[in-house]
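Q: Please take a close look at one part of this protein, the sheet next to the ligand. How is it built, and what lies around it?

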Amino acid sequence: MPKEIASSESVLHHLDQHGTFNTQDYANNLGEDHQKIVGIVKSLEGLGQVVQVEQVTHKHWELTDEGREVARAGSHEAKVFDAVPPEGIVQAELMAAVPNAKIGFSKAVSCGWLRVEKPAGGGAARVCRRVQSVTDVVRLHLAALCDSPTADVSDKLKLEYRKRKLLQEVTSKSYTVSKGAEFTLSVEKPEADLTPEMIASGAWRTKTFKPYNFAALGVPPARGHLHPLLKVRAEFRQIFLEMGFSEMPTNRYVESSFWNFDALFQPQQHPARDAHDTFFVSDPATSLRLPAEYLPRVQQVHSVGGFGSQGYGYDWKLEEAQKNLLRTHTTAVSARMLHRLAQEKEFRPVKYFSIDRVFRNETLDATHLAEFHQVEGLVADRGLTLGHLMGIINEFFKKLGIEQVRFKPAYNPYTEPSMEIFSWHAGLGRWVEIGNSGVFRPEMLLPMGLPEDVNVIAWGLSLERPTMIKYKLDNIRDLCGHRVNLQMVASNPICRLDK
Ligand code: FB9
């Protein structure tokens, strides 16, 4: 008899014939997957009053994997008994010879099938049979339950087999289906869409349509997604703007050594200017248009000093200053902006910031790439002190949700004094470095032409470190580069720093 294919029609027909049925029984009779029958019944239930459905939960006994093995091949105790020859066997040999011997042995002894003899003169304990043969009732019971869950096995025994993890009580869900008030044998699957063809042909007149689901969410339109770094950059930018800072133009990755180092009073023989730390550009290799009125003052302050400084006392070379490189810090932009400020007729206080890529020929590791985004803020005004610098750094990091900030004296070629910035990391239980800062040196500011009583305080940090913390990323390659999981970019939440 070909197996009836379960369908809405077959279910309705079965219901018409029997008045009511249970989905599990129906599936078993058809030899069909129960979930398929449930799906059909649920779709009929969605049509309104065609059928009435009630959930039924019932418990039944099922053999565990171990229980099925015992029903197939015998209980552990029967296997141990069978492994004991009529003349007996050394206990250690018996235990090594049979799988699950420990369980089977103690059970066989408690059933009175086996006994242990310890020779009076010492020596190994031996196991002997106390009966000629045994009946493996556990196997018989489990095999019967395997064939029929309602086999005649007492509840007490079932509970014992459950305790031995040979049997388990399974709760299953099925449905009692009966005819609804609008029962019919012919149901037409409701249409999901009203098509132009239906309208033109008039077929819509006899169709039933799925009710509108006004709660359904729209299909999210395909769209772009901001990279986490750009989300954090937007947050940092917002904080700077709230604090009255203006953004510096950072659209220049290739910079001259003059603006990246010399203008900052960083000597030409400084190790940071070595190719091991800096990416020099081969074409164009040099910048020939450097500010003619400013350059001699820079040369002077490096070589013989001036402006109250003794300088470095070396033969400063133009060719070195002309070398092009990938900027190693956005402080090159700060130098350009401060020089431009100094050219104005009247000094005016400013607050500038920048957030952009910088490049360093560094050793790569899990948290360092050859480039990163530097965040930098500076304030230029008359009479600024280290206290102002500490205060504005505290205010800035407070807006990032960092309350505990500490300062440690440090060294930068272009700032004096300089301070490393630390914050208490509760997770790590220690202070971690979160940035660097300082007061730009007079040897940097005065050759630009800024008034002597003007100070410039500045600080910097990276964008990648807070972003990795925010998005719980351990390896910077999961944030930047070809390995980035674009799903991470699409699905990560908007960045909200704890202001
Ligand atoms: O960003 C860094 N750490 C950091 C920052 C924020 C953070 O989370 C907070 C929620 C906001 C967590 C960590 N650092 C600076 C410290 C370290 O990560 C360090 O290992 C890496 N540093 C970079 C340079 O490494 C070669 C971070 C980068 C850095 C360091 C110094 C400056 C800028 C970026 C600067 C400066 C400066 C100094 C004086 C005047 C002007 C600019």
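A: In this predicted model, 7 strands form an open sheet in the order 7-10-11-15-14-13-12. The pairing is mixed. Strand 7 (246–247) and strand 12 (405–412) are the edge strands, each paired on one side only. Strand 10, residues 350–359, runs antiparallel to strand 11, and 10 bridges link the two. One point of register is Val358, whose bridge partner in strand 11 is Phe372.

Strand 13 covers residues 415–425 and holds Pro417. The peptide bond from Glu416 to Pro417 is cis, with omega near -5 degrees. Another cis peptide bond joins Asp283 and Pro284, where omega is about 5 degrees. Pro284 sits in a loop, between helix 12 (257–260) and helix 13 (295–303).

Now the ligand. Its surroundings comprise 23 residues. Those that come nearest are Glu362, Ile434, Leu461, Ser462 and Arg465. Three polar contacts can be listed. A backbone N or O atom of Ser462 lies 2.8 Å from a ligand oxygen. Arg465 places a polar side-chain atom 3.4 Å from an oxygen atom of the ligand. Glu433 has a polar backbone atom 3.4 Å from a ligand nitrogen. On its own, the ligand has 850 Å² of accessible area, and the protein covers 86% of that.

Which elements supply two or more residues to the shell around the ligand? They are strand 11 (371–382), strand 14 (430–440), strand 15 (454–462) and helix 18 (464–470). In the sheet order, strands 11, 15 and 14 follow one another. Strand 14 gives the most to the shell, 6 residues. By class, the shell has 9 nonpolar, 9 polar and 5 charged residues.

The domain assignment puts residues 229–491 in domain 3. It also gives domain 1 as 1–64 + 166–213 and domain 2 as 77–98 + 108–135. The C-alpha centres of domain 1 and domain 2 are 59 Å apart.

Aromatic pairs come next. The count is 19. One of them is Phe240 with Phe396: the ring centres are 4.9 Å apart and the planes meet at 35 degrees, so the pair is tilted. Phe240 lies in helix 11 (residues 228–242) and Phe396 in helix 16 (residues 386–398), so the pair ties together parts that are 156 residues apart in sequence.

For context, consider another sheet. Here 3 strands form an open sheet in the order 3-5-4, with antiparallel pairing. Strand 3 (89–90) and strand 4 (114–117) are its edges, and each pairs on one side only. Strand 4 and strand 5, residues 126–129, pair in the antiparallel sense over 4 bridges. Val116 stands opposite Val127 in strand 5.

One backbone detail remains. Lys165 has a phi near 60 degrees, a positive value in a residue other than glycine. Lys165 is in the loop between helix 9 (155–163) and strand 6 (167–179).

Back to the part you asked about. The sheet is open and mixed, with 7 strands. Strand 14 is the element that gives the most to the ligand shell.

Notes: Residues are numbered from 1 along each chain as its sequence is written. This is a predicted model: local features need pLDDT of at least 70, side-chain atom pairs count only at pLDDT 80 or more; totals for chains, interfaces and linings use all residues. Side-chain values use heavy atoms; hydrogens and water are left out. A residue is near a molecule or strand if one of its heavy atoms lies within 4 Å of it. A polar contact is a pair of N or O atoms within 3.5 Å; within protein, one must be able to donate a hydrogen and the other to accept it, and residues adjacent in sequence count only if both atoms are side-chain atoms. Accessible areas come from the Shrake-Rupley method with a 1.4 Å probe; for residues, only the protein chains shown count as cover. Ala, Val, Leu, Ile, Met, Phe, Trp, Tyr, Cys and Pro count as nonpolar, Asp, Glu, Lys and Arg as charged, and the others, Gly among them, as polar. Two strands pair if DSSP finds at least two bridges between them. Domain bounds come from an automatic or database domain assignment. Rings of Phe, Tyr and Trp (its six-membered ring) pair if their centres lie within 6.5 Å; planes under 30 degrees apart count as stacked, over 60 as edge-to-face and the rest as tilted.
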